[in-house]
Amino acid sequence: MTTELAKPTPAQLRWQDLELGLFCHFGINTFYDQEWGHGTEDPKRFHPTEFDATQWVKAAKDAGFRYLILTAKHHDGFCLWPTATTDHSVKASPWRDGGGDVVREVADACAEAGILFGIYLSPWDRHASCYPDKEAYDEFYCRQLTELLTGYGPLVEVWFDGAGSEGREYDWGRIMSLVTEHQPEAMVFNLGRPTIRWVGNEDGVAPYPCWNTAETAKVSMFTKDMLTWLPDTPGWVPAECDVPIRELHWFWHPDDEHSLKSLDRLIDIYYRSVGHGTNLLLNISPDDRGLLPDPDVKRLLELSGEMRRRFSNPIGETSGTGETVSQEWQQAETFDHVVIMEEIAEGERIREYTLEARVDGKWVRLATGSAIGHKKIDRVGPVHADGLRLRVLSSVGTPLIRRLSCYATGSDR
């Protein structure tokens, strides 16, 4: 953690308030029952006969997810838009008679529904014959990136996956200049000059504490090496937690419904991602029809329904400045969760805190912690009390509390 008190940009603040994103891994792998393609796959196999981007986006919106990231190109090099850089794309497929554009249809569906749209563009490319030639591939990759940055409206996020690129050096200065020129408000994930970082696992959970300031992050699952970011990377680099809704698989596989994560598992992931101050990027893979599978959508809606049930109706809510922020009630209330948010526009100031409830006239400790940041969820109960207070034990500057609220969820601790 850096010693200087870093502050987020307005774009970072907006992104952190989104909290929930949907990840969609879709491509040639979907039609080969595989996770990582070799770059030799036949584009003619790509034929989603019922493709409907509006179904994907409706599921995201109905579940309260606020942004969607699409794998425009995975490691196999197959492009979901009719790029001018290669024939290894949708234009060589029978889908839409070679005239289709998955990126366009998803971007348009997101815009229509008010869901923010982002793209994943793998730096590693197993199909491009120029990949061994660093300068030639940098040119090739920057052309692909420019097409995506300029052709599909405003992007909320550009996702640079480090998998397969361990030890490879790309022209990140040039790549970042393109993002800055064409999509200055987009978040940059983990590589180059990131404005958000990978949490370091594919389980969807953040360690606690998970500070918003960082100087390094892991490259990928396949190395313990830490990234070397460009020198002018900001100190404020909040984390994003990515996780598939099915165990181990990012792309759709047939006969794989048994691996769908349970509702309890997803609730725990929510608590340990959003509840630890990070964004949750939950992957649901469209199937070979081009639709999100019904069981996956059902589970997504179950998760969102349960989170709404738990956190839509606070018993009490307040905000404040200083070392103590409290609220009281004329009659005692029973609650089992407390949600705290800092006013992070002025930085992450709180370093240690305690939560207390007034029970029978006495203040009793409920929970302690260090980082609050964007959001901290504490499961504390049930407790029957007529007052709740937050006491900041250590901070850098005056503590600023955006929100202190408590809830009666009726759920087990």
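Strands E9 and E14 (residues 400-407) pair in the antiparallel sense over five bridges. A strand here is a DSSP run marked E of at least two residues, numbered from the N terminus, while a helix is a run of H or I with at least four residues. Two strands count as paired if DSSP finds at least two bridges between them. Look for Gly 316, whose bridge partner in E14 is Cys 406.

This is a predicted model, in which local features need pLDDT of at least 70, side-chain atom pairs count only at pLDDT 80 or more, and totals for chains, interfaces and linings use all residues. Residues are numbered from 1 along each chain as its sequence is written, and side-chain values use heavy atoms, with hydrogens and water left out.

Now step back to the sheet around that pair. Six strands make up an open, antiparallel sheet in the order E9-E14-E10-E13-E11-E12. Strand E9 (316-321) and strand E12 (362-369) stand at the edges with a single partner strand each, so one side of each has no neighbour in the sheet.

Next, let us visit the aromatic rings. Rings of Phe, Tyr and Trp (its six-membered ring) pair if their centres lie within 6.5 Å; planes under 30 degrees apart are called stacked, over 60 edge-to-face, and the rest tilted. By this rule there are 27 aromatic pairs. In one stacked pair, Tyr 120 and Trp 159 are 5.6 Å apart centre to centre, with 15° between the planes. Tyr 120 belongs to strand E3 (residues 116-121) and Trp 159 to strand E4 (residues 157-159), so this pair ties together parts that are 39 residues apart in sequence.

Are these two residues buried or exposed? Buried means under 20% relative accessible area, exposed over 50%, and partly exposed in between (1.4 Å probe, protein chains only). Tyr 120 has 0% and is therefore buried; Trp 159, with 4%, is buried too. Trp 159 also forms a stacked pair with Phe 189, at 3.8 Å centre to centre and 10° between the planes. This pair links distant parts of the chain, because Phe 189 lies in strand E5 (residues 187-189), 30 residues from Trp 159 in strand E4. Phe 189 is buried as well, at 3%.

Finally, turn to helix H1 (residues 10-18), whose buried residues are Ala 11, Gln 12, Trp 15, Gln 16 and Leu 18. Seen down the axis of H1, they fall within an arc of 145° (taken from the directions from the helix axis to the C-beta atoms), so they line one face of the helix. After H1 comes Glu 19, with a positive phi near 65°.
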